[in-house]
Amino acid sequence: MSRSVACIIFDGKKVLIAHRNPVGDMGNRWEFPGGKIDGEESPSQAIVREMMEEFSVKAHVGEKITENTFVHKNKECSLEAYLVTLEHDGIEKPFVLTEHTEYKWVFPEEIKDLSFVDSDLKIYPDVLEFLKNKEAK
């Protein structure tokens, strides 16, 4: 089974999303940052590696939000979402992107109106509920 992680980077009001490069099955679509878990990596190790590789930023992994399984190209896959904080927000000091054309901070409710990757849409209801609870606190 292929395993991936999604980074839910939330500032208390908005969540960070990234627009994929225009290649591959899900090219030119928005997503939660993240990626595949390599070999014996833990989800936390994968998140730290992926954020450094794709955004050139240090990540700190918090609690697991949700997990979902799905089939992609006849292969079973799992996607785990974690609350993640970064060393900076990419505004004053821009992130250095390698796999994305742009990134932005959006209100969680806006995601449903964007061209988002299918796997992230499967976890979106749980993520939205989690973030609403975080806002309330």
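Two residues are said to be in contact when heavy atoms of each lie within 4.5 Å. By that rule I111, leaving aside its neighbours within four places in sequence, is in contact with V15, I17, F32, V106, F116 and Y124. The structure described here is a predicted model.

## I111 and the largest nonpolar core

I111 sits in the loop between β7 (100–106) and α2. Its relative accessibility is 1%, so I111 counts as buried. Its C-alpha atom is separated by 9.1 Å from that of E31, although the two residues are 80 residues apart along the chain.

I111 also belongs to the largest nonpolar core, which has 22 residues; I8, V15, I17, F32, I111 and V127 are the members that touch the most other members. At least two residues of this core come from each of β1 (2–9), β2 (15–20), β5 (59–72), β6 (75–86) and α2 (118–136). The largest share, six residues, is supplied by α2. A second core, separate from this one, has 18 residues, including L16, I47, F55 and W105. In soluble globular proteins, nonpolar side chains tend to be buried together.

V15 is another member of the largest core. Without counting neighbours within four places in sequence, V15 is in contact with I8, I9, F10, F32, K104, W105, V106, P108, I111 and L131. One of these, W105, is part of the second core.

## Strands and their pairing

β6 is mostly covered, with nine of its 12 residues buried. β1 and β6 run parallel and are joined by eight bridges. Within this pair, C7 stands opposite Y82 in β6. β6 also pairs with β5, in the antiparallel sense and over 11 bridges. Here V71 stands opposite E76 in β6. The hairpin of β5 and β6 has two residues between the strands, and in it K73 takes a positive phi near 50°.

Another group of strands forms an open sheet of three, in the order β3-β2-β7, with antiparallel pairing. Its edge strands are β3 (30–31) and β7, each of which pairs on one side only. The pairing of β2 with β3 is antiparallel and rests on two bridges. In it, H19 stands opposite W30 in β3.

## Cysteines

How many disulfides does the structure hold? The number is zero. The sulfur of C7 has its closest cysteine sulfur in C77, and because the distance is 17 Å, this is too far for a bond. A disulfide would need the two sulfur atoms to be within 2.5 Å. Both cysteines are covered: C7 is buried, with a relative accessible area of 0%, and C77 is buried, with a relative accessible area of 7%.

## A buried arginine

Is R49 buried or exposed? R49 counts as buried because its relative accessibility is 18%, and the cut-off for buried is under 20%. R49 lies in helix α1 (residues 43–55). Not counting residues up to four places away in sequence, R49 touches K36, D38 and E41.

## The largest pocket

The largest pocket holds about 740 Å³ of space. It is lined by 32 residues, of which S4, R20, M26, E31 and K36 are the closest to its centre. One of these, K36, is also touched by R49. Two or more lining residues are given by each of β1, β4 (34–36), α1, β5, β6 and α2.

## Positive phi in two loops

Most residues other than glycine have a negative phi. N28 has a positive phi although it is not a glycine, and S56 likewise has a positive value in a residue other than glycine. The table sets out both residues.

| Residue | Phi | Place | Relative accessibility |
|---|---|---|---|
| N28 | about 65° | loop between β2 and β3 | 43%, partly exposed |
| S56 | near 55° | loop between α1 and β5 | 35%, partly exposed |

How values were computed. Residues are numbered from 1 along each chain as its sequence is written. This is a predicted model: local features need pLDDT of at least 70, side-chain atom pairs count only at pLDDT 80 or more; totals for chains, interfaces and linings use all residues. Side-chain values use heavy atoms; hydrogens and water are left out. A nonpolar core is a set of buried Ala, Val, Leu, Ile, Met, Phe, Trp, Tyr and Cys residues joined through side-chain atoms within 4.5 Å. Buried means under 20% relative accessible area, exposed over 50%, partly exposed in between (1.4 Å probe, protein chains only). Helices (H or I, at least four residues) and strands (E, at least two) are DSSP runs, numbered from the N terminus. Two strands pair if DSSP finds at least two bridges between them. On a 1 Å grid over the protein atoms alone, a cavity is a set of points where a 1.4 Å probe fits but cannot get out, and a pocket is an open set with protein on both sides within 12 Å along at least five of seven lines; lining residues have an atom within 4 Å of a point. Grid points are joined across faces, edges and corners, and a volume is the space filled by probe spheres set on the points.
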